[in-house]
Amino acid sequence: MNDSSLSSYKQQILNDFNNRQNYETELHIRAANRLVELAKLQPGQQVLDVATGTGLAAIAAAFAVGSTGRVLGTDFASGMLLQAEQKAAVSGLTNIRFEKVDADEQEFQESQFDVILCSSAIVYFTDIPTSLRRWHNALKPRGLLAFSCLAETSPTASVLFRKVVQRYDIAIPNPNELLGTPQRCCQMLDNIGFEDIEITTEQFGFYLQDAEAGWTGNAKSAFGLQNVKWSDEQWQQCKLEYFTEINEASTAAGYWNDITMFFVRAHKSGQVDALLT
């Protein structure tokens, strides 16, 4: 894959993730571990972790499936994959490998995996229904899909960011809208043919005490202001308005950044060979 041929949006994603110095925040670690926990992986399973990032879910999955299982982690951000490979090597894992692949273009063999994971990344895909159909086809009969996504009202610091920049005629779509309620998740998966759909809703929010970090995280993200050409005065004015909004909504503990996360699990239909159970 030639990064120079990527669309503007894909390049923004790469800019965001390849330049992050602190991706492995408590939020991402907890979310990845919780997804793997809820997937209830078994020894010997074949697992795919899509948009693996630094391998948080993939590495946890590799420990869960043991030496007889196999885990493939894919991502298109080289900086993230390098960290994932280094971590796997330090862990001494021999049942895991990583590949540089764009999730929007990833092709699979039919009935290839027992489990497909995607932790906190499905929102970045350009065509989520198509990706879900590909994953459905790639799962073995009764195979499990497990992914996490955010409510359309979360994170509240990002909702506020979009509200402020809209005053400057910058319309940033809500990336969490498509799968932003349990009902929408269920409907999309049901339409594709998944069954036994389960959704666990959990709160990962925290008090934001650094408005500067909130501004920078949103402005530099793929859903931010990477391509906006503003004067220094416009940048500072917009940032000041964001800080003002944050401060007005804050308590002594800080600004409550609500992060409502859905952990979605669904199975492919079919019957498992009795000899393999």
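1. Two strands count as paired if DSSP finds at least two bridges between them. In this predicted model, strand β5 and strand β9 (residues 260-267) satisfy that criterion with 7 bridges, and the two run antiparallel. Within this pairing, serine 148 is placed opposite phenylalanine 263 of β9.

2. The sheet as a whole is open and consists of 7 strands with mixed pairing, in the order β3-β2-β1-β4-β5-β9-β6. Its edges are formed by β3 (96-100) and β6 (195-203), each of which pairs on one side only. From one strand to the next, the twist averages 15°. Towards the β3 edge, strand β2 (residues 70-75) runs parallel to β3 and is joined to it by 5 bridges. Glycine 73 faces phenylalanine 98 of β3 in that pairing.

3. Strand β5 (residues 139-150) merits separate comment, as 9 of its 12 residues are buried. Strand β4 (residues 113-118) runs parallel to β5, with 5 bridges between them. The connection from β4 to β5 passes through helix α5 (residues 128-138), and this β-α-β crossover is right-handed. In the β4-β5 pairing, valine 115 stands opposite leucine 144 of β5.

4. A salt bridge is also found between these two strands: aspartate 114 and lysine 140 bring their closest N and O atoms to 3.4 Å. Since aspartate 114 belongs to β4 and lysine 140 to β5, the pair ties together parts that are 26 residues apart in sequence. Lysine 140 has a relative accessible area of 26% and is therefore classed as partly exposed.

5. The backbone contains features that should be inspected individually. Arginine 142, located in strand β5, has phi near 70°, a positive value in a residue other than glycine. Its relative accessible area is 26%, which makes arginine 142 partly exposed. Aspartate 169 likewise has a positive phi, near 60°, and is found in the loop between α6 and α7 (182-192). At 73% relative accessibility, aspartate 169 is exposed. The peptide bond from serine 154 to proline 155 is cis, with omega near -15°; proline 155 lies in the loop between β5 and α6 (156-166).

6. The salt bridges come to 14 in the model. One of them joins the side chains of aspartate 104 and lysine 10, at 3.1 Å from N to O. This pair links distant parts of the chain, with aspartate 104 in the loop between β3 and β4 and lysine 10 in helix α1 (residues 8-18), 94 residues apart. Are these two residues, aspartate 104 and lysine 10, buried or exposed? Both are buried, that is, each has under 20% relative accessible area.

7. Another salt bridge pairs arginine 134 with glutamate 107, their closest N and O atoms being 3.8 Å apart. Arginine 134 sits in helix α5 and glutamate 107 in the loop between β3 and β4, 27 residues apart. The partners can be described separately: arginine 134 is partly exposed at a relative accessible area of 23%, whereas glutamate 107 counts as exposed at 61% relative accessibility.

8. Two further features concern side-chain groupings. Lys163, Arg167, Glu241 and Glu245 are joined into one network by salt bridges that share partners. A nonpolar surface patch of about 300 Å² is made by Phe206, Tyr207 and Trp256. Of these patch residues, tyrosine 207 is found in strand β7 (residues 206-208) and is partly exposed, with a relative accessible area of 43%.

Conventions
Residues are numbered from 1 along each chain as its sequence is written. This is a predicted model: local features need pLDDT of at least 70, side-chain atom pairs count only at pLDDT 80 or more; totals for chains, interfaces and linings use all residues. Side-chain values use heavy atoms; hydrogens and water are left out. Buried means under 20% relative accessible area, exposed over 50%, partly exposed in between (1.4 Å probe, protein chains only). Helices (H or I, at least four residues) and strands (E, at least two) are DSSP runs, numbered from the N terminus. A crossover is right-handed if, with the strands pointing away from the viewer, the path from the first strand over the helix to the second runs clockwise. Patches are made of residues with over 30% relative accessible area and no salt bridge: like charges are joined within 9 Å, nonpolar side chains (Val, Leu, Ile, Met, Phe, Trp, Tyr) within 5 Å. Accessible areas come from the Shrake-Rupley method with a 1.4 Å probe; for residues, only the protein chains shown count as cover. A salt bridge is a side-chain nitrogen of Lys or Arg within 4 Å of a carboxyl oxygen of Asp or Glu. Axes are lines fitted to C-alpha atoms, for helices over the stretch in contact, and angles run from 0 to 180 degrees between N-to-C directions.
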